[in-house]
Every structure is written in structure tokens, then in C-alpha cells.
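Open your viewer and keep the selection box handy. The stops below follow one another, each with something to pick and something to check.

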Amino acid sequence: MNLQMSQINPTNPTSQMNKTQTQTKIKPLLTKSACVLFTSVLGMMAAYADGDDEVMVITRSVAGSAYPVAVMPFAQANKISDNLNLAGLGATHQNLPQHTQSASEILHNLSTWRNQGFGYVVIVRTHSMPSNKTAISYEIVDTNTAQISDKQTQVSDNHPAALAVAYNQISDKIYQAISHQPSDLTGKIAYVEETGTPNNKTSSLKLIDVHGQAIATLYTVNGSILTPTFSPDGSRIAYSVQTKDGLPVIHIQSVNGGQPQVVTPFWGHNLAPSFSPNGDSILFSGSHENNDPNIYRLNFTANRLERLTNLAGAENSPNYLPNGTGFIYTADHGTRSQSLQRYDFGTGKSTQIAARASNPRLSPDGNKLVYVASNRIVIANTQGKTQQSFAVNGTEISASFSPSSTRIVYAQKQGNQSQLMIRSLTSNTARTIATAGIAKDPVWSK
């Protein structure tokens, strides 16, 4: 069944749809040149992988080395090598075979570097610019192939906060250039923080970085904020808002702040938004027709709303497949038990993935999904075969994958509070991100 909406899009948040209508038109950190292997900022990865024994094997020739990463001695060398060790790569700034700022000199001495187990050298140079700016240049030397690659320069404001961001971004680029995998260095985590009592609570939508450092509070309401989700490019965030005496509606907002826009001003419950891969549509669970929760697709470009499911009972928690061919969702079929379903756009049919599941989310690479079953977080493949699971305290549990799909973030009840946890799926080690109040519904963006 297709429902045409009347000007319902992110630029027209106040439009309404009559419940009885079936067809409605919707329309200086570093002041001197430094030579670093695998760059300083990659070491910041250690801040959220403390104790994580997940070791990246960069090449066969360096896999067995205790120190595949070398840090040329300079002011911050000890901090960089310590961080890289904590990140699981292994690093040292002592007893290096060569001290140089020249890539060509490294190339002339490759056998020595190789014999000591060093696989990559990144040369970093910084210099001051007018208007209190700093230029950071780097290049990667691969000691195994004798190639110099990925020469880039980034300009940053010359104060600690801006330089930290710049080095995070540079580290992310170097990580991807060497590993050919997405990194978890520069993503943002959104979550809901609740304070007060259940009958009189305040909810805030928060943004933090992967190290747990606060970025912004995007929205605050006397009531509930539910199930935030990022757009594919990470520039927008959609979430449901339920005021104390109202029903939940979906907002879309820029991660840079500003006023949110109501995009589902329909009577009933409007929950669990999910952006399409191209960002021009969202899926959500809506109960505006006969108070029966179904999955709807709202297309902002075509200004069109269509119902996709019409099963007995409630359908909830839709998540677009990364390739856009369908989505997963939960359905209770009129019972108290939710099953995990997969919907195919081509056939318009659903198939069951798991018999018991709630709050599912897909990994960015499309190969895994995470859901909750009986107070356990379950990691499974897309056919529903469990790969690992673990128990979690609390009654409102949800989890989200990191950009690399190798970690998850979730909320863990600890005493009277609920804290965010980041867990490696390779080592099963986890660390806590301190938050105030009760933390809920975390989601990780690029």
C-alpha cells in the first residue's frame, strides 16, 4: 500500500497527515620536523583499545616482530610508542637502526630496517604558516616493497584541540593506506543520556569521539529520546522524541547542531529510523494506521510514504542493508516474542533470520549483525548463525558496530547507572566510557 504525503519532508516539519487518509501527497603540538613510523595519531587508537590484544598483521615479514613500528626520537616519541604498543601494533623509539628525516636515506638502508622487523616508516614534517596555522606533511615508506606513497599535507589551526583532530585524521588515512581497512579512529558515537526519575526525566542526545571526549549536546527534552541513527555520510542524525504527554515523532538534525526537523508528524508511534544507503529515504516503524505498527519507507526526494509490512502484531527496528536491496526488522506476529526478519525489496517478501531477537543493527561491511536476546548481545552472520555472544546487565540493551566492523559499542548497567562500553570482537576485551546519568542507545558513525 502506498501513501502519498502532503509536503512531508525535512524542510516542512509542521505538516500533518489526517489519520483517515489513505492517499495524501507528501511532498604548536609539533614545532620541528619528525620522522615517525606509522604516525603518532594512530597511537590514539590505544585510548579505546586498552588491553585489546587484537594485533594487525601488516605483512608477513613483520608479523613475527615484537616492534614492527619504529618511532624516531623526538619530544613526543615515548608517548607515541607507548600508545602504539597499547594499540597492539608494537612500537619502539629506542635502539633504532637509523635516525633520519629523509625517505631516500631509509630506502638506502632497507636491509637493516627489514632485518630488525620494521615494515613501514612514515615521515612527518610540520611547519608554521601565517594566521597561526600549522602544515603537517607525511609520507609512507614501505620497507618491504621499497615504495614511498601517500604523500599528503594537512593544515590545522595551531592550538592543541585542533592539532589533536588533525592528527586523528592523518592517522586514520595512514591506517587505511597500510591496512586497506576502515579504521575506528575518527568516528563519532551518539547516545542518549537520561537524568531524573522515570516519571520526570530529562533526555539529551550527546555526541562524543571514540576516546570518550565530549563533542556536543545536540538536543535536550523533558521526556525520552530513542534510537538515534546516523546518515551514511555521518552528517545527519535521525531519532525519535517523545515528550512527557506526547507520542514519539522522528527528528532529523545536523551533527553540527541547529534546529531539528520533524519528518513524521503522524498520529501514533514513529520509531526506529534507518537511513537508506544514499540518504534520500528512511525506514521507520509507524502505528498511524489502525494503531498497528508496520514498517514504512519515507522518500524525501519523491515526497512519498509507503507501507512495506502488514503482518499480525508489531514490526519494529528496521535497518537498511548496506547494498540497499532490503532491510532487517523485528516482528512479534501478535505474540510476546520478537523474531528477526529480512525483507527483500525485489520480491516484497520476508524470511526469518533468528527466532528471538530485538534491537538489531547491521555492520557497515554488511557481513554481520548484532542483536539482543535474553539479556545477551549476539553477533551473527547475515544468515543468523551466531558467531559470539555475551551477557549484559540491564533491561534496555542495544549495540552498534564500529566503522571497521571489528568493535561494538553498547550500554552496560553498573550500579544505579548505565555506562557505555567499547568491546573488541577479536579479543573480547572491553573498556568503559564514563558518562553521567543513564546512557542508552549508542550508535557509531564513520
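Is Ser-137 buried or exposed? Ser-137 is buried, at a relative accessible area of 18%. Here buried means under 20% relative accessible area, exposed means over 50%, and partly exposed lies in between, with a 1.4 Å probe and protein chains only.

A word on the ground rules. This is a predicted model, in which local features need pLDDT of at least 70, side-chain atom pairs count only at pLDDT 80 or more, and totals for chains, interfaces and linings use all residues. Residues are numbered from 1 along each chain as its sequence is written, and side-chain values use heavy atoms, with hydrogens and water left out.

**Stop 1: around Ser-137**

Stay on Ser-137, in strand S6 (residues 133-142). Strands (E, at least two residues) are DSSP runs, numbered from the N terminus. Now select Thr-153. The side chains of Ser-137 and Thr-153 share a polar contact of 2.8 Å. A polar contact is a pair of N or O atoms within 3.5 Å; within protein, one must be able to donate a hydrogen and the other to accept it, and residues adjacent in sequence count only if both atoms are side-chain atoms. Show the surroundings next. Leaving out residues up to four places away in sequence, Ser-137 touches Ile-123, Val-124, Arg-125, Gln-152 and Thr-153. Contact means heavy atoms within 4.5 Å.

**Stop 2: aromatic pairs**

Colour the aromatic rings. The structure holds 10 aromatic pairs. Rings of Phe, Tyr and Trp (its six-membered ring) pair if their centres lie within 6.5 Å; planes under 30 degrees apart count as stacked, over 60 as edge-to-face and the rest as tilted. Select Tyr-219 and Tyr-239. Their ring centres are 5.8 Å apart and their planes stand at 45°, so this pair is tilted. Tyr-219 sits in strand S10 (residues 214-230) and Tyr-239 in strand S11 (residues 236-243), 20 residues apart. Tyr-219 is partly exposed at 22% relative accessibility. Tyr-239 is buried at 0%.

Move to Phe-327 and Tyr-343. Why does this pair count as stacked? The ring centres of Phe-327 and Tyr-343 lie 4.7 Å apart with planes at 20°, so the pair is stacked. Phe-327 belongs to strand S19 and Tyr-343 to strand S20, so the pair ties together parts 16 residues apart in sequence. Both Phe-327 and Tyr-343 are buried. Widen the selection: ring pairs link Tyr-320, Phe-327, Tyr-329, Tyr-343 and Phe-345 into a cluster.

**Stop 3: S18 to S21**

Switch to cartoon. Strand S18 (residues 315-320) has 5 of its 6 residues buried, so S18 is largely enclosed by the rest of the structure. S18 runs antiparallel to S19, joined by 4 bridges. Two strands pair if DSSP finds at least two bridges between them. Asn-319 has Ile-328 in S19 as its bridge partner. The S18 and S19 hairpin has 5 residues between the strands, and Gly-324 in the turn has a positive phi of about 75°.

Go on to S19 (residues 326-331) and S20 (residues 339-344), which pair antiparallel over 6 bridges. Pick Ala-331: its bridge partner in S20 is Ser-339. S20 also pairs with strand S21 (residues 349-354), antiparallel over 5 bridges. Gln-341 is matched there with Gln-352 in S21. This hairpin has 4 residues between its strands, and Gly-348 takes a positive phi near 70°.

**Stop 4: an open sheet**

Select the 4 strands ordered S22-S23-S24-S25, an open sheet with antiparallel pairing. Strand S22 (358-362) and strand S25 (386-391) stand at the edges with a single partner strand each, so one side of each has no neighbour in the sheet. The twist averages 15° from one strand to the next. S24 and S25 pair over 5 bridges, and Val-378 stands opposite Ser-389 in S25.

**Stop 5: positive phi**

Most residues other than glycine have a negative phi. Which residue in the loop between S23 (368-373) and S24 (376-381) should you pick? Choose Ser-374, where phi is positive at about 55°. Ser-374 is exposed, with a relative accessible area of 63%. Finish on Asp-441, in strand S30 (residues 438-444). Phi of Asp-441 is also positive, near 50°. Asp-441 is buried, at 16% relative accessible area.

How values were computed:
Axes are lines fitted to C-alpha atoms, for helices over the stretch in contact, and angles run from 0 to 180 degrees between N-to-C directions.
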